[in-house]
Amino acid sequence: MSASYRILAGTGLAVLGLVATAQVVAQEPATGAAAELRPAGRPRIGLVLGGGGAKGAAHIGVLRVLDELHIPVDCVTGTSMGALVGGTFASGMPPEEIEKAVLGINWSRTVGAEGLRDRTPIHRKLAGITYTNSLDLGIKGGSITTASGLLKTQDIEDVIRGLVAGARYTENFDDLPIPFRAVATDMLAGEMVVLEGGDLSVAMRASMAVPGAFSPVLVDDRILSDGGMMRNLPVDIARNLCADVVIAVSLSSPPPKAADLTAALTLAGRSLDVMIDANQKAQIASLTAQDVSIVVPMGDIGSAAFDRVPDAVPLGREAALGMREQLSRLSVPEDEYLAWRQSVTRQGAQSARLAGVEIKGLKRVNPDYVRTQLRSVKPGAVVTRSELLEDTGRIYALGDFEKVSYRQTGPADARVLEITPVEKSWGPDFVRFDLGLAGDADGGIEALLRVDHNRTWLNPRGGEWHSSVQIGEQWLVETDLYQPLDVPQRFFVQPLARFERNFENIYNDGDRVARYILSELYGQVDVGMNFDTRAQVRLGVRSGWLDTELDTGPTVLPEGDREADSSLQLRLVYDTRDAVGLPTRGTFINARLVSSDDWLGGEQDYGLLEGVITKSFPFRGDALSLIFGGGDRLSGTLPPTQEFQLGGIRTFPGLQRGELRGDSYWFAGSSYYWKMADIQSLFGQALYAGLRLQGGRMGNRIDNIADGALYGVSGSVGGRTPVGPFILSLGWVDNGSVQLQLAIGRPISEGSILDEIR
């Protein structure tokens, strides 16, 4: 088990597992299809598959060897990943098809978040455009709460449902082609639970619910989590179920070195491994001379290394072949084995004609809004499994649900699909925290801390109230109400109020000469339109005031009393990027048109146009991006709060933040990022080395320097990490400027629309 999973489980759960009493209920011998063809005198063979997360893919290699040796199986028990593989096998899928299905799983999508941003509604995609983390905290009873699992389970559950589609609704697991039992842990009672009936996919999911990493499964009054804490290798369960002879498959990893166990968190995580190893060794010790123990050495493959699943399968095959002599005595003649194989093989349902579709279980979210996400799943339609997953995945991506489950009811010729989205139990009030840091070689350090509160589903149309407070180099207080005007949330109105106060340095030919405090306070009302998950256009009316105040240095910018500013704001955004920080594919377009005049009491008269387009391409695991942007004063004189700026680690790395300031600019750049190492590949977290080329020109600079176009190059090291993005950059510009800069977490604004590309 990886360190991250072990730590999530915690020391307390380890103690719970060590002191709990396991309860196993004796059962009648299983009577599935496997038992019907068993000749008299042949011993009943029970297959036991142990837990181990991603390492459990080795069980598939063992199944392939059992198939080649013509060894029938009369019952199966499994824990965690052993339950996933064992339940799939027991449902009637042959080993070669299991291998094909599991190797075909996109684990970055299933366990990670790949593809989720593509399906996220555009208004929520844009609301989180600068967030450096995805941790949604809830507010309940005046306290901050979290989800019961840090990782999403939607796609995992979809995978499980697909693997056992043909047998999912077999209420008694004795009636499966091969009788089956999954083992879970009752977190309330601290006891082992042997799952022997109900929804097969739910039983498999409960058995692999690693505490802290994946949310537990609620069954009746029980809260079920990973069975490895109680019985990682359920040999005794197999004996009670059917087994005269047991084939037990356990997964072995080398013990840690003493140097690896010096930190408190590492020791806490190791305690769970010790607990699991202890109960597993006790089960191995119960094996007799007629049983077969297959121990699979897993090397450096960890429990969370789902990207190593293809490497785990051959390890299981190798270990099983190493026990060929002991296994061969359990072989049966070919004709007898083929008859057994035919009797237990089942084909999963690939499509179904739906007589009806029901949305169930919702309290806050409007069911009609959920129904608008269904493109293929409609009454009267013949729906394939892939179409069903696409539609339920779109519902999950709305961001309101912990998971979206579904089941079919009714006769085969009139199936009714019941979709049950489970609303986030820690909502509808959510809070997020974000931190941004920036520094340079000259000792300059800038920081900001931000907290956002979001109240969802204020009304049946999906109104959301959002408020933000930010302190540091850039102060901000903002509140807005996003109110859709129709059920599909295509049209909306959004009133807002915002106060912003920024500390900005003013430069003269690269030298900092003054520091100003620029403030804005305004109210605004936008009306807009969403175009699916990709684009949004909005038109707003803004009225407020702006202020320019000298903090230190000589007077450079015009000062005076607060001046009223009223304007029309038109904005268009198009976003198909797979991520905001270091995207590897997709397009981003952002454009704004501002027209300020003397109506509504305004004292300003100016117009501006600004836009940026980026395109990112994947290339051999690396990422190439092209950027083009620019802005221009269309009329009047831009106030200091609206002047364009260039310079900084995210836009022009060889220049200081906001070093170039004026009323028009153009910018072009390209970046190439080489992947140096994966941090958490399933979550798109990796370390990159980058090379960036930039060119740009600021027109009508306030320092009256006419450098013309400037060109620069920079090298960097950066990446997406568990604590957010970071970048360390060394940049050079052909005017002689050299800058070494560092940025961590939330971006600090550099004064143009280019800020929003990273």
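At 3% relative accessibility, W340 counts as buried, because buried means under 20%. This is a predicted model, and W340 is a good place to start reading it.

**Aromatic pairs**

Which ring partners W340? It is Y337, whose ring centre lies 5.4 Å from that of W340. The two planes stand at 35°, so this pair is tilted. Y337 is buried as well, with a relative accessible area of 3%. Both residues belong to helix α16, which covers residues 334–344. They are three residues apart there, about one turn of the helix.

Now turn to a second pair, Y673 and Y688. Their ring centres are 6.4 Å apart and their planes meet at 85°, so the pair is edge-to-face. This pair links distant parts of the chain. Y673 sits in strand β28 (residues 664–680), and Y688 sits in strand β29 (residues 685–699). The two are 15 residues apart. Are they buried or exposed? Y673 is buried, with a relative accessible area of 6%. Y688 is also buried, at 4%.

How many aromatic pairs are there in total? The count comes to ten. Rings can also gather in a group: F619, Y672 and W674 form one aromatic cluster.

**Charges over rings**

Some rings have a charged partner over the face. K424 lies over the face of F430, at 5.4 Å from the ring centre. R577 places its charged end over the ring of F588, 4.0 Å from the centre.

**Salt bridges**

Opposite charges pair up too. The model has 41 salt bridges. Three of them are listed here, with the N to O distance for each.

| Salt bridge | Distance (N to O) |
|---|---|
| E336 and R42 | 3.8 Å |
| K403 and E157 | 4.0 Å |
| R498 and E478 | 3.2 Å |

Take E336 and R42, which meet through their side chains in a salt bridge. E336 lies in helix α16, while R42 lies in the loop between α2 (33–36) and β1 (45–49). The pair therefore ties together parts that are 294 residues apart in sequence. Helix α16 is also the home of Y337 and W340. E336 is partly exposed, with a relative accessible area of 26%. R42 is buried, at 11%.

Next comes the salt bridge between K403 and E157. It too links distant parts of the chain. K403 is in strand β13 (residues 401–409), and E157 is in helix α9 (residues 154–163). Along the sequence they are 246 residues apart. K403 is partly exposed, with a relative accessible area of 25%. E157 is buried, at 7%.

The third bridge joins R498 and E478. Here the link runs between two strands. R498 is in strand β19 (residues 491–508), and E478 is in strand β18 (residues 474–484). They are 20 residues apart, and the pair links distant parts of the chain. E478 is buried, with a relative accessible area of 13%.

Which residues do shared partners join into one network? The members are E157, D158, R161, R205 and K403. Two of these names are familiar, as K403 and E157 form the bridge described above.

Key. Residues numbered from 1 in each chain as written. Predicted model: local features only at pLDDT ≥ 70, side-chain atom pairs only at ≥ 80, totals over all residues. Heavy atoms only, no water. Phe/Tyr/Trp six-rings, centres within 6.5 Å; stacked < 30°, edge-to-face > 60°. Helix = DSSP H or I, 4+ residues; strand = E, 2+ residues; numbered from the N terminus. Buried < 20%, exposed > 50% of the residue type's maximum accessible area, 1.4 Å probe, protein only. Lys NZ or Arg CZ within 6 Å of the ring centre and 35° of its normal.
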